[in-house]
Amino acid sequence: MILETRNLSFRYENKGRQILEQFSLQADSNERVGIAAPSGFGKTTLCKLLAGYEQPETGEILLDGKPLQSYKGYCPVQMIWQHPEQAVNPRLRMKSVLEEGDQIDPKLMEKLGIEPDWLNRFPTELSGGELQRFCIARALGKRTRFLLADEISTMLDLITQSQIWHFLIEETQKRGIGMIVVSHDAELVERVCTRVVRMNKQ
Amino acid sequence: MKEAATFPEKRLDVYTEKNFAENEEGYRKKKWNRRKTIIVLLIVAIGFLAAVCIGGFFCKEAAQVTDFSRKNLPPCLSYPFGTDWLGRDMFARTVRGLSISIIIGVCAATFSAVMAFILGVVSATMGKTADAVVTWFIDLVMGIPHMLLLILICVACGRGLKGVILGVALTHWTSLARLIRGEVLQLKEQIYIKTAKKLGKSNLYIAMKHMVPHLLPQFIVGLVLLFPHAILHESSITFLGFGLSNEQPAIGIILSEAMKYLVTGKWWLALFPGIMLILTVVCFFTTGENLRMLLDPASVHE
Amino acid sequence: MEKEKILEINHMRISFCQYQKGMRQTELQVIRDLNVTVHAGEMVAIVGSSGSGKSLLAHGILGILPYNAFMKGEIQYCGETLTEKRIRKLRGKEIVLVPQSTSYLDPLMKVGQQICKGKKNPEKKRKLNRIFEQYSLDQKVQEQYPFELSGGMTRRIMISTALIETPKLVIADEPTPGLDPRLARRAMEHFRQLADMGAAVLMITHDLELALDTADRIQVFYAGYTIEDAIAEDFLKEETLRHPYTRALWRAMPKNGFHYIDGVQPYTRDMKPGCPFAPRCEKCTDRCREKEVPWRSSGNGYVRCVYDT
């Protein structure tokens, strides 16, 4: 599968700053594309566009040649956010959070180090690293084809970061899920990705 | 406390002035926490209101009986609130009046809250035009003086029980509708709700699973806090003569009739019903406020 | 030459009171045993994963903990115990906080006024102009409101608020989140300058690599405990590090192999007595699980481990 953008432009509101202009990118299912750009360049915005959270001003986002919007229901492109505590409903137990995913393989929990006991807890009773594991599991549903990682390990300690990335690399490789990785950490991107794209201001 | 034993000599309490160290000990001894206080208050308030309602049901007859042999009695053991110029038992009348008020309050507040809920949700989810219309309508209703609108609706609906309920219901929904609209708009922007959408969940699922648990507490608290307003407004318009008819022993009627006799020194006619009305209102109000504190995550740990 | 000890914290413990299901209240210990010393002219970084309660440390020192938090332990400032009365006098003057979020600025007050705390004295004004020059901020900025500033400018403004008084102790709470590496490094350099000018700087951060670039000493914070205190040079080699967790951290850096160990940092409610790292440590024996592991000096640093390394 191929995820690609063609001449993407975007800005918030009508008169807002132009965040993306004529941006094109192509990513394949078996690669992990790192995106490096200075802050304020709209890396998060790019992720939101690619996952369908925002609509581009002009340009197209295509998944296997078809526009992303034409995929109804479960979106094959899933995004993992920087702050896991904002990505789960504080009033739901972790069990329900996982149920929202698409037929999550129970083996994933084990591989991610999720303890059965955590499933009965509320998000406030878990640490950031533990929550992020749930968010990753939730995003790795059966129909997921692409995964967007927006600074997912920035707020975690180095060991958790390494654990999570080792898991993600193995899992996505095995299932043929493509990844787009955004991180400010050049060494991390170098380690994790098969290809790095640098965004430069025109 | 295990660690404390490991470094006993170094555990100096720094902030002894305020609640830091000694409160920590105190907390464990003092098992009586805020939540328990709230529960007890709730039980007392609900008990009082239930007693009034049940009492009102049994006082229906007693409130109407006139007996000139006992007219104008000041408060005594057999007639704790005294009797009026027709020899009617003021206690029975007050309880009956309050129970009518509470029933009107419950009906009007429920009606009002449901209306607020529907309009709030419509405004937040059905696009910009719907939002503009509802918001404009909220501003319109809020812009007209409360009492005036209430009296107009009440008179237009032909006074009586129906008129009062409709009048109160149609004037009290605005603030709650605005609250719910804001809440839904805010929820819609939450990452977890957007993520749920991308995970292919239907709008119904998101509404039930994600929105309702957040809105329900707000709604219940809003509903309970509407009662005191509804009751006070019901008694005010009845007092002014635009509400319930004179035959019914409503609190508003009792108070307005008592006004005529106050100057002749029959203070008990207005005092006790007035106090009971305030008590009822305060009861509802504390119930609502405490419920809010119990359900609102921001103040859970107080 | 021994420098003046500005801040010394011994056995600090901070806990929260929280409601559990229904009516029960439990005490949640967020900081279990924290020890830190900062000298004049020194920059010390406390490094721990986010959400682990490090920010509470700063709030604890300044006496601005939330109402349901309790603190125990000993805080010495310039050789004297820091009481609540004393901190009230000192904070904002000798002890300043550079907060985490940019929302700590008053949105309705002009920047210049805000930094001078509303006072209009010419000496302050001159000082402010000097600071602005130093941080290459335009003098015009003083007349602007916070919303007109860019993220990087806001950071510099927040540091300026700390500088307008001559602080002896600067506490920086997570000053670099959301900044790209270049800006983050520049922000850290600002704090380095403060230390070079003679202030004691206590930096609370989650970014070990960034801290290593600028700080003199690193304190590693794990599950509520400080488990190691090492000078930045110790992090050049794995062998010079003391605690098994710190070594695991070192090996997990992308440039040092990106290795990982299993397990997670325990959530405060799940903690068992003994060494917090015991469940994940290869060297762990019964000695580690039995009782609290003491904080002891080791070479030119400190460690909380029963083994000699």
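These are my notebook entries on a predicted model, covering one strand of chain C, chain B, the A/B interface and some salt bridges.

**Ground rules.** Since the model is predicted, local features need pLDDT of at least 70 and side-chain atom pairs count only at pLDDT 80 or more, while totals for chains, interfaces and linings use all residues. Residues are numbered from 1 along each chain as its sequence is written, chains are lettered from A and ligands numbered from 1 in the order in which they are written, and side-chain values use heavy atoms, with hydrogens and water left out.

**Entry: strand β4 of chain C.** I looked up burial along β4(C), residues 69-77. Strands here are DSSP runs of E with at least two residues, helices are runs of H or I with at least four, and both are numbered from the N terminus. Buried means under 20% relative accessible area, exposed over 50%, and partly exposed in between (1.4 Å probe, protein chains only). Nine of the nine residues come out buried, so the strand is largely enclosed by the rest of the structure. I then split the strand by direction: C:Ala69, C:Met71, C:Gly73, C:Ile75 and C:Tyr77 point one way, and C:Phe70, C:Lys72, C:Glu74 and C:Gln76 point the other. That fits the general rule that side chains in a regular strand alternate between the two faces of the sheet.

Next I checked its partner. β4(C) pairs with β5(C), residues 80-81, in the antiparallel sense over two bridges; DSSP must find at least two bridges for strands to count as paired. C:Gln76 sits opposite C:Thr81 of β5(C). The two strands make a hairpin with two residues between them, and C:Cys78 in the turn has a positive phi of about 50°.

**Entry: chain B.** I counted twelve helices and zero strands here. Of its 302 residues, 45% are buried. For contacts (heavy atoms within 4.5 Å) between residues at least 6 apart in sequence, 67% join residues at least 24 apart. The accessible surface (Shrake-Rupley, 1.4 Å probe, only the protein chains shown counting as cover for residues) is about 14900 Å², with 70% of that on carbon and sulfur atoms.

**Entry: A against B.** I found 20 residues of chain A touching 18 of chain B. The two chains bury about 1700 Å², 56% of it on carbon and sulfur atoms; buried area is the accessible area (1.4 Å probe) that two parts lose on being put together, summed over both. A:Tyr53, A:Arg91 and A:Glu100 supply 39% of what chain A buries against chain B, more than any other three residues. What about salt bridges between chain A and chain B, how many are there? The count is zero, where a salt bridge is a side-chain nitrogen of Lys or Arg within 4 Å of a carboxyl oxygen of Asp or Glu.

**Entry: salt bridges elsewhere.** Over all chains I get 25. A:Arg6 bridges A:Glu60, with the closest N and O atoms 3.8 Å apart. That pair links distant parts of the chain, from strand β1 (residues 2-11) to strand β4 (residues 58-63) of chain A, 54 residues apart. A:Arg6 is partly exposed at 39% relative accessibility, and A:Glu4 joins A:Arg6 and A:Glu60 in a network of salt bridges.

In chain C, I noted C:Arg251 with C:Glu238 at 2.5 Å between the closest N and O atoms. C:Arg251 is partly exposed at 26%, whereas C:Glu238 is buried at 18%.
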